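Subject: Structure handover

Hi,

Here is the structure I promised to pass on. Have a look at it first, then read my notes underneath.

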Amino acid sequence: MPTIISHSVVAVSSAYGFRSGKISLKFWILSIACSILPDADVIGYRWLYIPSYDFFGHRGFFHSPFFAALLSVIIVFIFYRKEGIFSKQWWKYVLYFFILAASHGILDALTNGGNGIALLSPFTNERYFFPWTPIEVSPLSIKAFLSQRGLTVLKSELLWIWVPAFLIIAFLKIKERPSFHNK
Ligand SMILES: [Zn+2]
């Protein structure tokens, strides 16, 4: 995985893209949660001894766009009840949270190590990487991350995730085109 910090950076730039003006705390929390939630499968790997290549293993079902779709519908259903189901605004929220949750697996598939990502789960548990994997894979243990390896990972994430994300934010700030009202 890229680190959860980098997944969160994606969430922050997406939130800016989706909303203008003041962004509510609820929206921030949901955005960041959505972008890092797929890595909760590490719990299964660490404490429940679910093998990585299992359906629910690390980088398995929870890293798939299918799960991202489920998650986004559940989030909007619970937290944006005021939006009429299937209304235009409802779809916008679903699409937004879907893209965020799906971005996690996509970014992981751009990393150069660990298991591949089950991008087509639940239809197949086949694991994939993109042909181009510029992002250094982050170790799962914090101890390993605090070593020289962590520095290499951070450098590559800065270059491939943070810089593009902040360029997007800067671009949006300059453009200042309000498209949503805050709730
Ligand atoms: Zn991940």
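To start with a spot you can look up: in which loop does proline 131 lie? Proline 131 belongs to the loop between α5 and α6; helices here are DSSP runs of H or I with at least four residues, strands are runs of E with at least two, and the numbering goes from the N terminus.

Before the rest, some housekeeping. This is a predicted model, so local features need a pLDDT of at least 70 and side-chain atom pairs count only at pLDDT 80 or more, while totals for chains, interfaces and linings use all residues. Residue numbers run from 1 along each chain as its sequence is written.

On confidence, the protein chain has an average pLDDT (the predictor's confidence in each residue, from 0 to 100) of 88, and 95% of the residues score at least 70. Among the elements, helix α4 (residues 65-79) has the highest mean pLDDT, 97, and helix α6 (residues 142-145) the lowest, 75.

Back to that loop. Proline 131 is exposed, because just 5 other C-beta atoms lie within 10 Å. The cut-offs are: buried with 20 or more other C-beta atoms within 10 Å of the residue's own, exposed with 12 or fewer, partly exposed in between, with C-beta atoms placed from the backbone. Its C-alpha is 26 Å from that of tyrosine 45, with the two positions 86 residues apart in sequence. Proline 122 lies in the loop between α5 and α6 as well, and the peptide bond joining serine 121 to proline 122 is cis, with omega about 5°.

Two backbone oddities may interest you. Arginine 59, in the loop between α3 (41-47) and α4, has a positive phi near 70° without being a glycine. Phenylalanine 86, in the loop between α4 and α5, is not a glycine either and has a positive phi of about 70°. Are they buried or exposed? Arginine 59 is buried, since 29 other C-beta atoms sit within 10 Å, whereas phenylalanine 86 is exposed, with 8.

Now α5 itself (residues 88-108). This helix has 21 residues and spans 31 Å from first C-alpha to last, close to the 30 Å expected at 1.5 Å a residue (the expected span is 1.5 Å times one less than the number of residues). Helix α5 has a kink of about 25° centred on alanine 102, the bend being the angle between axes fitted to the seven residues ending there and the seven starting there.

Helix α2 (residues 25-36) packs with α5 at an angle of about 35°, and their axes are 7 Å apart. Axes are lines fitted to C-alpha atoms, for helices over the stretch in contact, and angles run from 0 to 180 degrees between N-to-C directions. Ser31, Cys34 and Ser35 of α2 meet Phe97, Leu100, Ala101, Ser103 and His104 of α5, where contact means C-beta atoms, placed from the backbone, within 7 Å. These residues divide into four nonpolar, four polar and no charged (nonpolar: Ala, Val, Leu, Ile, Met, Phe, Trp, Tyr, Cys and Pro; charged: Asp, Glu, Lys and Arg; polar: the others, Gly among them).

Last, helix α7 (residues 148-175), which holds glutamine 148. Glutamine 148 is exposed, as 8 other C-beta atoms lie within 10 Å. Leucine 158 is in α7 too and counts as partly exposed, because it has 13 C-beta neighbours inside 10 Å.

Cheers

Key. Contact = placed C-beta atoms within 7 Å.
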